[in-house]
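Reader: I'm new to this one. Can you walk me through it?

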Amino acid sequence: MTMDKKVSAIINKYEGDRSQLVSILQDIQAEYYYLPQKTLIQVSETMAIPASRVYDVATFFRAFSLEPRGKHLINVCQGTACHVRGAARVLEQLERSLCVKRGETTKDRKFTLETVNCMGCCAVGPAVKIDGDYFGQMSTDKVDNILTKF
Amino acid sequence: MPTKLNSKQDLEALQKELANKRGTGKPLITVCNGTACHPYGCAQVIESFNQELSKQGLENKVDLRTTGCHGLCEKGPIVVVQPGDIFYQQVKPGDVPEILSETIVKGNIIDRLLHTDPITGSKVVHRQEIPFYKKQKRNILGNNTEINPIKIEDYIAIGGYTALAKALFEMTPEQIIEEIKHSGLRGRGGAGFPTGTKWESCRHAPGDIKYVIVNADEGDPGAYANEGLLSGNPHSVLEGLIIGAYAIGAHQGYVYVRNEYPLALANITTALNQAQQLGLLGDNILGSGFNFTVRINRGGGAFVCGESTALMASLEGKVGEPRAKYVHTVEKGLWNRPSDLNNVETWSNVPVIINKGADWYRTLGTDGSKGTKIFSLVGKINNTGLVEVPMGIPLREIIYDIGGGIREGKKFKAVQTGGPSGGCLPESLLDLPVDFDELTKAGSMMGSGGMIVMDETTCMVDVAKYFLTFLEEESCGKCVPCREGVKRMRQILNDITEGKGNEEDIDLLERLSATLADSSLCALGATAPNPVITTIRYFKDEYEAHIKEKRCPAGVCKALIHYYIIEEKCPGCGLCVTACPQEAITSMGKKKPVVLDESKCIKCGACYDVCKLGAVGKE
């Protein structure tokens, strides 16, 4: 399916309901791993929402990315429970291992490294999620081992 | 899936039928499928049970139930075997054949899978005898272990939606509001506003179209109580919401869920569809003439959207910016219409109050805070997990009796409640009864139920900086005090943790705090200083050590610490040599301690993490 047909299908799923803008953008991002500019313009035109407003929403929420992302999305939890158990060190180790900073994508487009404020598995922190897989009780020495699984 | 229910009698008949089906007398294996058990591989354990049951020819002789969060997340995956209430923890797929052949078939207990009480060191067989569960009062969370959250049949079998039927057929909206008011239920989202009063204001607000909303945007980092409830028992939230809608006179509801909670989102979506199919949502609910529909909206990872006006703006498809609340949302909220917003846990309390009565509910808790509260007990504590306790229980009982004390025998330093709007409470306040008013008096707050325990290795200045960094990122930027004030405070804290602080900084932080509290547009900015104020109030000596002595007593702030090798403990195994990304550690041969070159060290802590002999020190 072409990009514009896919986006139309997503908008139709929500019956073009403007109040569902965040959900619509979530679905588009789930499809392309980021929000391509073309899709934002299409959403604006189809749903009669000013492009500035679509851009406003797309840049307000930290879940959205306007830059292409890698094949695998790494989310390093920086919630309080993870923080007191050393989440910052885990993030730094991932940055060193992948040679990227938080928010960046590796040169080979394999991984994008992002942080998240809480994933709801505080009891097993520090937690890292790669795509749909959760890893608990992380420490710097476990990082490389986990990356090789992808 | 049962057919549509057209009356109260239909529901009662179905409940009877389903309850009978449950009481088969077959052994029952319950496996936790909650979010926190996933990193431990609960999905593989469940798969293994399915395979092994058919392999051992037991599939028709044993019931297997996958459930939501059991609470003792630290020890997941959790398996409970009935009859006997036998509690197994940290179960691996490899343990499954033995659980079936030994415990199910022969009735033998498998010792190695039992829970060990961290205080006494003794093994415990039955779930109810585990200290973690003993002092809890699981009125709301308790059903998590009894039902498969994606089966409405399970929820109905244990009496689900009977409160709704009671509300629709035996009570007027006014009576329901009166009951909720009398129960003393206060909002579980943080501020603790009386729920019944809020409902009453919304009911009386002028306007024909009204909305009810579930706030499931649990943004407090370190809190996952709502996640555990919404993913583990979504119908209880929905049932509360429908009762509230009927009482208020709303016909449209919304559930605003964090997108970071995929399991909760999936389960509430399933629950919604099932309730619709059974006629518990939609037109003419149970033949009562009451119409009500619900939509699910997903958040986008903005903390400020937990604030009512910001959440409502987001529901309208706008950015989640709050507005000043001189006109309350119960009068003009979503689309400028009267709107009632309550937290997941608040809604979940409603069916319990309707079924058991406000008088019963009032017997739990303190004068000003009735009922129970769910906390996410996490951090440097032995039994991390979700706990539900009666209001008024002392902090000490939660941390030591339920939580099993501090990990690795370390010393308790502080407990943080209320998320970024809350504060850190010291050891001297451990006997504080936990309720809305006492926590506020101590400078913290209830919040949505995060309770993060910190030990001697947690730096309180770093914690304050952590929260301010969080809030700086999450500030929507609409008002100046929050946008600029939080940033300045974070910069000052940054300087202090880097050894660049000076003696006026504490005073400056306190003055900025007062300005933010007085002049911010919404609660995010107004309460942002709380982590700073409480850490200064209770841990001033740590600030002073950073500022005057350029020292981080907890050994956290990178600029103020250094790593070193404790020679007498180091066998020269070389693990740290491999782990060091800077080649700062050199092996000196077998059985000789390694040498660390401090000029190359970037203080990443890799050597510290990898050494299990404690031969790497930091100070």
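Author: Here is a short tour of chain B, its contact with chain A, and one residue of chain A. Keep in mind that this is a predicted model.

Reader: Got it. Start with chain B. How many helices and strands does it have?

Author: Chain B has 24 helices and 19 strands. Its radius of gyration is 26 Å, and the globule rule gives 25 Å for 619 residues, so chain B is as compact as a globular protein of that length.

Reader: What box do its C-alpha atoms fill?

Author: Roughly 80 × 65 × 40 Å, along the principal axes.

Reader: And what share of chain B is buried?

Author: Buried residues are 60% of its 619 residues. Take the contacts in chain B between residues at least 6 apart in sequence: 72% of those join residues at least 24 apart.

Reader: OK, now the contact with chain A. How many residues does each chain give?

Author: Chain B gives 67 residues and chain A gives 46 residues. The area buried between them is about 4,300 Å². Carbon and sulfur atoms give 52% of that area.

Reader: Which three residues of chain B supply more than any others?

Author: Arg298(B), Val319(B) and Tyr466(B). They supply 14% of the area that chain B buries against chain A.

Reader: How many salt bridges are there between the chains?

Author: The count is 9 salt bridges between chain B and chain A. One salt bridge joins the side chains of Glu92(A) and Lys558(B), at 3.1 Å from N to O. There are also 29 residue pairs in polar contact across the interface.

Reader: Which elements of chain B touch chain A with two or more residues?

Author: Among them are strand S9 (293-298), helix H12 (308-315) and helix H17 (460-474) of chain B. H17(B) gives the most, with 6 residues.

Reader: How does that side of chain B divide by residue type?

Author: Into 32 nonpolar, 16 polar and 19 charged residues.

Reader: Switch to chain A. Where is His83(A) found?

Author: In helix H5 of chain A, residues 80-84.

Reader: Is His83(A) buried or exposed?

Author: Buried, because its relative accessibility is 15% and the cut-off for buried is under 20%.

Reader: What is His83(A) in contact with, beyond its neighbours within four places in sequence?

Author: Asp462(B) and Tyr466(B). Tyr466(B) came up before, as one of the three residues that supply 14% of chain B's buried area against chain A.

Key: Residues are numbered from 1 along each chain as its sequence is written. Chains are lettered from A and ligands numbered from 1 in the order in which they are written. This is a predicted model: local features need pLDDT of at least 70, side-chain atom pairs count only at pLDDT 80 or more; totals for chains, interfaces and linings use all residues. Side-chain values use heavy atoms; hydrogens and water are left out. Contact means heavy atoms within 4.5 Å. Buried area is the accessible area (1.4 Å probe) that two parts lose on being put together, summed over both. A salt bridge is a side-chain nitrogen of Lys or Arg within 4 Å of a carboxyl oxygen of Asp or Glu. A polar contact is a pair of N or O atoms within 3.5 Å; within protein, one must be able to donate a hydrogen and the other to accept it, and residues adjacent in sequence count only if both atoms are side-chain atoms. Helices (H or I, at least four residues) and strands (E, at least two) are DSSP runs, numbered from the N terminus. Ala, Val, Leu, Ile, Met, Phe, Trp, Tyr, Cys and Pro count as nonpolar, Asp, Glu, Lys and Arg as charged, and the others, Gly among them, as polar. The radius of gyration is taken over C-alpha atoms; the globule rule is 2.2 Å times the number of residues to the power 0.38. Buried means under 20% relative accessible area, exposed over 50%, partly exposed in between (1.4 Å probe, protein chains only).
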